[in-house]
Amino acid sequence: MASYELAPPEPAERDIKQVPAERGTRDAIRRLAREFDRSMDRSRLLRRTDIEQLSYSILNKLALPGCFLGFAMVTVSNVFWQRQFEAIPFARRLLLLPNCLRDRSACKGYFDHVGLHCAECGACAIGGLKHRADQLGYQVVVAEGTPAVIMKIMQGEADAIIGVACLDSLDKAFKHVIELGIPHVAVPLLRNGCVDTVTEIDQIQRFLVAERTGAAERTHTYVPLLRETVRIFDRRSILEMMAPYLQGDKRSGGTDPMTATEAIGADWLVAGGKRLRPFVAVAAYAAGKHGAAALVPDADVSGLIPPAMKKIGLAIEALHKASLIHDDIEDNDAFRYGKPTLHRQYGVGPALNVGDYLVGLGYRLVSGEADKLGADCVAGILANLSSAHVELCRGQGAELTWPTMEKKLRPIDALGIYALKTAPAFETALFAGLRAAGAKIDTTLLRRFSTCLGEGYQVLNDLADWRDDDRNKVTLGQDVLAQRPTILRAFAIEAGGAIRLAEIAGAQSEDAATVAAAKALYSALGVFYRAEALLEKLRSRADGIAGEINDAGLRDLLRFLVRIIL
């Protein structure tokens, strides 16, 4: 849950996340859900709206209230995925349990950054479930949420998941699991509360041992392409691709002054990040060149994505990572990826130089593939990249200079900055992949889509600035402290909060007091609500633009990007 309130609480009649108390009612819902088994098209993901419709029909047939919709939706989803889940070997499955199943007063386990390490002391159900899962060969994670799980999926350590959680947590935690097309089944907790909860142990045990030897229909998924993108940024892979442009020994650390810049740059490329932009480029290539063949769960994407395309993906990330170094210096940020920023580690001068080096490296990586992709193709990609680079600098420049000028910030101004700062990066990644694939490109439509995606991404970041993130050591409300021209600030000014914002900025209070005052003002003026509404509008608009594309593979990719990025 965000630390700010996004919307008023829903009335009781809108509550859809209750689990039926009677076992007979739960079993009746399961029986009806299984009637849809043979009619489901499993080649593509079952969309949330489809799951809702099927679930409502189940509740109506059983004359059950809408408060059980969430449970029915989990049940329908289980039916959709169960065959594919059962076809995955035990050793490739993961069991995700909530730590709230433990007996807190008797638990002998301990926690680390991943979750609870169960001592199997017998004080609760977790130990027995973990023991049985271990016997079968499962990986087991006892934690709230899915960051560790998603990481294991992306690193190729697991291919299917059993999730146990309350309905609210399943809805939030499994969004990415669902969108990625990972075979999964879920068992809801019978009651909420996060302390000493209970669940249907027999249902978990039934899923644990279920297996299918025959081939199951496979749902298209972007997981193989995501994994291939992650592999590009393995240290060995990066150094191999950089090798033609390196001098001397590039071991981590930068201890040799003659090669320090290259070593630090390589380290920075390996460092954290979502790899969104290189994934967009790789996936666009796959969609343009191979279509649905690249989305088969067991597709050999390493053979479908040539080395030249991987270098373009690395180049796009190098340019992005360079912009982050410069951005951190300009904003005087202290942390990035949970560690001190490069200028805090090495000084402003060396950090600036590493950023400049990565810019040059990015362009050089692309130009070096002219013999593989053709001179015209590479020239087109370089022209598009350089245009995006110029637009980014214009947008960043507007963000940096706006607070120093006496110019009223309007929402359209903030969106204009976002369109310059972020949209071109997505546009050029899509363009690069499609151009390398030799696919037809509608540049006007690509720009319209990327503008909505980029603006939405920045609005999402603005809202994230008000959420606590201990893992990345982010200070709450950094944008307010820096007086950046965000959409939230623009909405506050438009709603008549300009004078109060000036008072808050001029009060010379402690950072925490400044942030608290700004948060109170934003809440009072309905700024967070407006930003969420705008984000939803941009999501809808981007999805609609994607729908205008005739090519089914590219259309599906763009809609997938809307769902996972926004």
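The following dialogue works through several features of a predicted model, taking each from the general idea to the case at hand.

Me: Where should I begin with the interior, and which residues touch the most other members of the largest nonpolar core?

Reply: A nonpolar core is read as a set of buried nonpolar residues joined through their side-chain atoms. In this model the largest such core holds 121 residues, and Leu225, Phe449 and Leu561 are the ones that touch the most other members. Its largest share, 11 residues, comes from helix α14 (residues 307–331). Apart from it lies another core, of 28 residues, including Leu415, Ala490, Phe491 and Tyr522.

Me: What does leucine 561 touch, once residues up to four places away in sequence are not counted?

Reply: With those residues set aside, leucine 561 touches Phe279, Val280, Leu430, Phe449, Leu453 and Leu566. Leucine 566 can be followed in turn: it lies in the segment after α27 (552–565), and it counts as buried because its relative accessible area is 9%, where the cut-off is under 20%. Under the same exclusion of residues up to four places away, leucine 566 touches Cys452, Leu453, Gly456, Tyr457, Leu460, Arg539 and Leu561. Leucine 566 and glutamate 536 are 30 residues apart in sequence, while their C-alpha atoms are 8.7 Å apart in space.

Me: Is glutamate 317 buried or exposed, and what is it in contact with?

Reply: Burial is judged from relative accessible area, whatever the residue type. Glutamate 317, whose place is in helix α14, has a relative accessible area of 2% and is therefore buried. Leaving aside neighbours within four places in sequence, glutamate 317 is in contact with Phe233, Leu269, Arg275 and Pro278.

Me: How do I check the length of a helix, and what span should the 12 residues of helix α1 have?

Reply: The idea is to compare an expected span, at 1.5 Å a residue, with the distance between the end C-alpha atoms. For helix α1 (residues 23–34) the expected span is 16 Å and the end C-alpha atoms are 17 Å apart, so the two agree. The buried residues of α1 are Thr25, Arg26, Ala28, Ile29, Arg30, Leu32 and Ala33, and what covers them includes α2 (48–61), α3 (69–87) and α8 (201–209).

Me: Where does α3 bend, and how many of its residues are buried?

Reply: A bend is read as the angle between axes fitted on either side of a residue, and in α3 it is about 50° at tryptophan 81. The end C-alpha atoms of α3 are nevertheless 28 Å apart, which agrees with the 27 Å that its 19 residues should span. α3 is mostly covered, with 17 of its 19 residues buried.

Me: How should I read the salt bridges, and how many are there?

Reply: Side chains of opposite charge can pair when their charged atoms come close. The count for this model comes to 35 salt bridges. One of them joins the side chains of arginine 227 and aspartate 159, at 2.8 Å from N to O. This pair links distant parts of the chain, since arginine 227 is in helix α9 (residues 223–232) and aspartate 159 is in the loop between α5 (147–154) and β5 (160–165), 68 residues apart. Arginine 227 counts as buried because its relative accessibility is 13%.

Me: Which partners do aspartate 328 and arginine 410 have?

Reply: Aspartate 328 forms a salt bridge with arginine 336, the closest N and O atoms being 2.6 Å apart. Both ends are buried, aspartate 328 with a relative accessible area of 2% and arginine 336 with 19%. Arginine 410 forms a salt bridge with aspartate 413, where the closest N and O atoms are 2.9 Å apart; arginine 410 is partly exposed at 44%, whereas aspartate 413 counts as buried at 12%. Beyond pairs, Arg23, Arg26, Asp27, Arg30, Glu200 and Asp202 are linked in a network of salt bridges.

Me: What is the phi of alanine 63, and where does alanine 63 lie?

Reply: The sign of phi is read together with the residue type, and for alanine 63 phi is near 55°, a positive value in a residue other than glycine. Alanine 63 lies in the loop between α2 and α3, and it counts as exposed because its relative accessibility is 68%. Asparagine 332, although not a glycine, has a positive phi of about 55°, and it is found in the loop between α14 and β7 (335–336).

Notes:
Residues numbered from 1 in each chain as written. Predicted model: local features only at pLDDT ≥ 70, side-chain atom pairs only at ≥ 80, totals over all residues. Heavy atoms only, no water. Core = buried A, V, L, I, M, F, W, Y, C linked by side-chain atoms within 4.5 Å. Buried < 20%, exposed > 50% of the residue type's maximum accessible area, 1.4 Å probe, protein only. Helix = DSSP H or I, 4+ residues; strand = E, 2+ residues; numbered from the N terminus. Contact = heavy atoms within 4.5 Å. Expected span 1.5 Å × (residues − 1). Salt bridge = Lys/Arg side-chain N within 4 Å of Asp/Glu carboxyl O. Bend = angle between axes of the 7 residues up to and from the residue.
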